[in-house]
Amino acid sequence: MSAQIIDGRAVSKTILDEIRSDVATMRDKTGTVPGLVTILVGENPASVSYVTLKVRTALDLGFNEVQENVDPGISEADLLALVERYNRDESIHGILVQLPLPDHIDEKKVIYAIDPDKDVDGFHPVNVGRLMIGGDEVLFPPCTPAGIQELIVRSGVEIEGAEVVVVGRSNIVGKPIANMLLQKGPGANATVTVVHTRTRDLASHCRRADILIVAAGVPGLVKPEWIKPGACVIDVGVNRVGEKVSRKTGKKIAILRGDVDFDAAKEIAGSITPVPGGVGPMTIAMLMKNTLASCRRS
Ligand code: NAP
């Protein structure tokens, strides 16, 4: 039987609709709306397109969106001063610095300069620590892992007591999602294994998984025979494997594949995310959710 396809676009739209309605109520009651500043240094095409999407989404939700497009030659000191200006600005509840930054700027210094109470990406070490402690300590769950957790919960898959296997141990996906799902509390309480390039027998770990989360960045890494029948498979991988001409715009666009062989895996899994259209659209929705939460707290 074919798996239930977990539609990240639809779930993301539902979350954005909920946020839009909450922002309208907040504006009517208090006159305040969430404020988000997006700082873009230079014109890296991928960064420009991510930031454009974030700005468009924030404006559509009724946020006060401030866009800072900065010359790539900006000095580290000036960029730190810009971050500090928004740390002090009470109308701004979220500060987003689009990565990567030019080589002459220390990314770590810039991330560490963001007020942890406005760090809507959740990358500041204070927020990484809060995530590790869990519960009420968590202010900003990092966006992609939060999107993964939300997708699993909203698709009705039981996380409590489940065997979860996470392929990949990066700071932005593997480690935080493993940490979030092992916490004591709703949408968690799982038994989590994290595997990586030094794991001895990747396949045998994957075969045990009730929930298999793959974030390796290797197209087709997970073979269908590694999947436990009925398992929930979350494919985080986004791999460019070629180009095609868009039928809509006539422009060249990337052909994207996940880390899982989707067509074969969907005949074995109970539920599965497609690539594109699975985890990808959730990241931006969770970023907006974090900004709204920050505004409420302030
Ligand atoms: P990353 O920093 O490159 O980390 C990849 C992890 O996978 C590493 O821990 C690596 O192990 C492990 N790995 C790589 N090849 C492996 C193999 N053959 N067997 C076992 N483990 C292997 O990547 P990332 O930033 O986490 O991103 C992972 C994927 O998710 C990428 O395709 C990325 O584009 C995608 N992504 C999507 C979103 C989204 O949709 N919103 C967001 C973030 C990332 P070692 O630690 O041993 O090297």
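A polar contact is a pair of N or O atoms within 3.5 Å. With that in mind, the place to start in this predicted model is the ligand. An N or O atom in the side chain of S170 sits 2.5 Å from one of the ligand's oxygen atoms. T197 also gets involved through its side chain, with a polar atom 2.4 Å from a ligand oxygen. V236 takes part through its backbone instead: one of its backbone N or O atoms is 3.3 Å from an oxygen atom of the ligand. On its own, the ligand would expose 930 Å², and the protein buries 68% of that.

Zooming out a little, 20 residues surround the ligand, and those that come nearest are R169, S170, T197, V238 and T283. As for what kind of residues they are, the shell splits into nine nonpolar, ten polar and one charged.

Next comes the inside of the protein. In soluble globular proteins, nonpolar side chains tend to be buried together. Here, the largest nonpolar core has 46 residues, and I19, I148, I213, I234 and M288 have the most contacts inside it. Several helices and strands chip in with at least two residues each, among them α1 (8-30), α2 (45-61), β5 (163-167) and β8 (232-235). The top contributor is α10, which gives eight residues. To see what one of these core residues is up against, take I234: setting aside neighbours within four places in sequence, I234 is in contact with I6, I148, I152, L212, I213, V214, T273 and V279. There is also a second, separate core, made of 20 residues, including V165, A209, W226 and V233.

Two loop residues round out the picture. H93 belongs to the loop between α3 (76-88) and β4 (94-97). Buried means under 20% relative accessible area, so H93, at 5%, counts as buried. Its surroundings, leaving out residues up to four places away in sequence, include T32, V33, P34, G35, D117 and K118. The side chain of H93 also makes a polar contact with the side chain of S298, at 3.5 Å.

S75 is found in the loop between β3 (64-70) and α3. With a relative accessible area of 30%, S75 is partly exposed, because that label covers values between the 20% limit for buried and the 50% limit for exposed. The side chain of S75 reaches the backbone nitrogen of D78 at 3.1 Å. S75 and H104 are 29 residues apart along the chain, yet their C-alpha atoms are separated by 7.9 Å.

How values were computed. Residues are numbered from 1 along each chain as its sequence is written. This is a predicted model: local features need pLDDT of at least 70, side-chain atom pairs count only at pLDDT 80 or more; totals for chains, interfaces and linings use all residues. Side-chain values use heavy atoms; hydrogens and water are left out. A residue is near a molecule or strand if one of its heavy atoms lies within 4 Å of it. A polar contact is a pair of N or O atoms within 3.5 Å; within protein, one must be able to donate a hydrogen and the other to accept it, and residues adjacent in sequence count only if both atoms are side-chain atoms. Accessible areas come from the Shrake-Rupley method with a 1.4 Å probe; for residues, only the protein chains shown count as cover. Ala, Val, Leu, Ile, Met, Phe, Trp, Tyr, Cys and Pro count as nonpolar, Asp, Glu, Lys and Arg as charged, and the others, Gly among them, as polar. A nonpolar core is a set of buried Ala, Val, Leu, Ile, Met, Phe, Trp, Tyr and Cys residues joined through side-chain atoms within 4.5 Å. Buried means under 20% relative accessible area, exposed over 50%, partly exposed in between (1.4 Å probe, protein chains only). Helices (H or I, at least four residues) and strands (E, at least two) are DSSP runs, numbered from the N terminus. Contact means heavy atoms within 4.5 Å.
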